[in-house]
Amino acid sequence: MYYREFGDAGFAVSEIGMGCNRLGEPAMPDSHWVALVHAAIDMGVNLFDTSESYGWGRSEEILGLAIGNRTDVYVATKVSRIRETNARDFSATRILAQVEASLRRLQRERIDIYQLHSPSLEDLKSFDWPEAMTKLKEQGKIRLAGVSINDAASARWLVEQGLVGAMQVAYNMIDYQTGREVFPVARAAGVGTMVRMPMAQGILTGKFTPGEPVAEDHRANLAGKHMTAMIDLAERFKPLAQQFGLPLTTIALRYAITPVGVSAAIPGARTVDQLKQNVSASNGKGLEAEVLEAIAAIQQELPE
């Protein structure tokens, strides 16, 4: 495993972290998920990204059981929408209440990276969330304030205001425009950046074929109405695996960690075999120029 500085935060993270969206799913016992986290740590993963909304706290609980208050592992979590109404509330009052529940589930004294979960730019400007983040840092309950963003305008505004030490953005071979705008902005400001959905919710593993059904429990279904079109687009990248002698998963993950300014990609995993595949993509540099050129040629042919 190779490691990178997380912006100017003063610590280094594994360039392949672990996204914990599905950690704690009821199909497997807690022991399976705890063992999976331990296996990831044994493989060199030291960055785990979760949210209070993943499994309605189950993901945080599993990380608490597996990691607890270890200081050699970094935990990022998020404050999300109101569970009962799905409304956004990033007020300081609510954040100060929600962080206590996350700390309890995670069994940690401090959250390394505490993020707002997918706010709009309007949300960022209208809620008094910075007051909560400042107070939590002063109290030693969080290390870095962050935002999981959906657009480059949010990244630019956050950096201009000096409000975050961490950002998270979707970036992969299909969905790459926003990330390309965000990474240089974050790097110039010393903000650590995590890449979510580096494999497009599993669609860039290459395991799907256009026109064939997708298992109901597969994460690809989270793409909703876009899933079928994304599977069609992913099909165009499949020849790269044979051309360069690399699994498509490896190509996708290395694509995600190639841009200067990326601190880590955070793919998910449900099994040790998936973890091994993810971790094997770490090479300290990403993709060679020849592979990037081939990807760019395919991207130019993709419909807008």
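Me: Before I start, when do two strands count as paired?
Reply: Two strands pair if DSSP finds at least two bridges between them. Keep in mind that this is a predicted model. Now look at Gly146, which stands opposite Ala166 in S8. Strand S7 (residues 142-148) pairs with S8 over three bridges, in the parallel sense.

Me: What holds strands together in a sheet?
Reply: Strands of a sheet pair through backbone hydrogen bonds, and the pairing is either parallel or antiparallel. Here, eight strands make an open sheet with parallel pairing. The order is S3-S4-S5-S6-S7-S8-S9-S10.

Me: Which strands stand at the edges?
Reply: Strand S3 (18-19) and strand S10 (264-265) do. Each has a single partner strand, so one side of each has no neighbour in the sheet. Take S10: two bridges join it to strand S9 (residues 192-196), and the two run parallel. In that pair, Met194 stands opposite Ala264.

Me: Which helix packs on the sheet, touching S8 and S9?
Reply: Helix H7 (residues 177-189) does. Its direction makes about 165° with that of S8 (166-170).

Me: How do I read the two faces of a strand?
Reply: In a regular strand the side chains alternate between the two faces of the sheet. Try S8. Ala166, Gln168 and Ala170 lie on one side, with Met167 and Val169 on the other. Both faces are covered, and these residues are all buried.

Me: Is helix H10 enclosed or exposed?
Reply: Count its buried residues. In H10 (residues 248-257), 10 of the 10 residues are buried, so the helix is largely enclosed by the rest of the structure. Among them are Leu248, Arg254 and Tyr255.

Me: What is the usual sign of phi?
Reply: Most residues other than glycine have a negative phi. Met197 has a positive phi of about 55°, although it is not a glycine. Ala200 also has a positive phi, near 55°. Met197 is in the loop between S9 and helix H8 (227-235), and Ala200 lies in the loop between S9 and H8.

Me: Why does Met197 count as partly exposed, and why does Ala200 count as buried?
Reply: Buried means under 20% relative accessible area. Met197 has 24% relative accessibility, so it counts as partly exposed. Ala200 has 1%, so Ala200 counts as buried.

Me: How much space lies in the second largest pocket?
Reply: About 190 Å³. Its lining has 13 residues, and the closest to the centre are Glu52, Trp56, Arg83, Arg94 and Gln98. The lining divides into three nonpolar, four polar and six charged residues.

Methods
Residues are numbered from 1 along each chain as its sequence is written. This is a predicted model: local features need pLDDT of at least 70, side-chain atom pairs count only at pLDDT 80 or more; totals for chains, interfaces and linings use all residues. Side-chain values use heavy atoms; hydrogens and water are left out. Helices (H or I, at least four residues) and strands (E, at least two) are DSSP runs, numbered from the N terminus. Contact means heavy atoms within 4.5 Å. Axes are lines fitted to C-alpha atoms, for helices over the stretch in contact, and angles run from 0 to 180 degrees between N-to-C directions. On a 1 Å grid over the protein atoms alone, a cavity is a set of points where a 1.4 Å probe fits but cannot get out, and a pocket is an open set with protein on both sides within 12 Å along at least five of seven lines; lining residues have an atom within 4 Å of a point. Grid points are joined across faces, edges and corners, and a volume is the space filled by probe spheres set on the points. Ala, Val, Leu, Ile, Met, Phe, Trp, Tyr, Cys and Pro count as nonpolar, Asp, Glu, Lys and Arg as charged, and the others, Gly among them, as polar. Buried means under 20% relative accessible area, exposed over 50%, partly exposed in between (1.4 Å probe, protein chains only).
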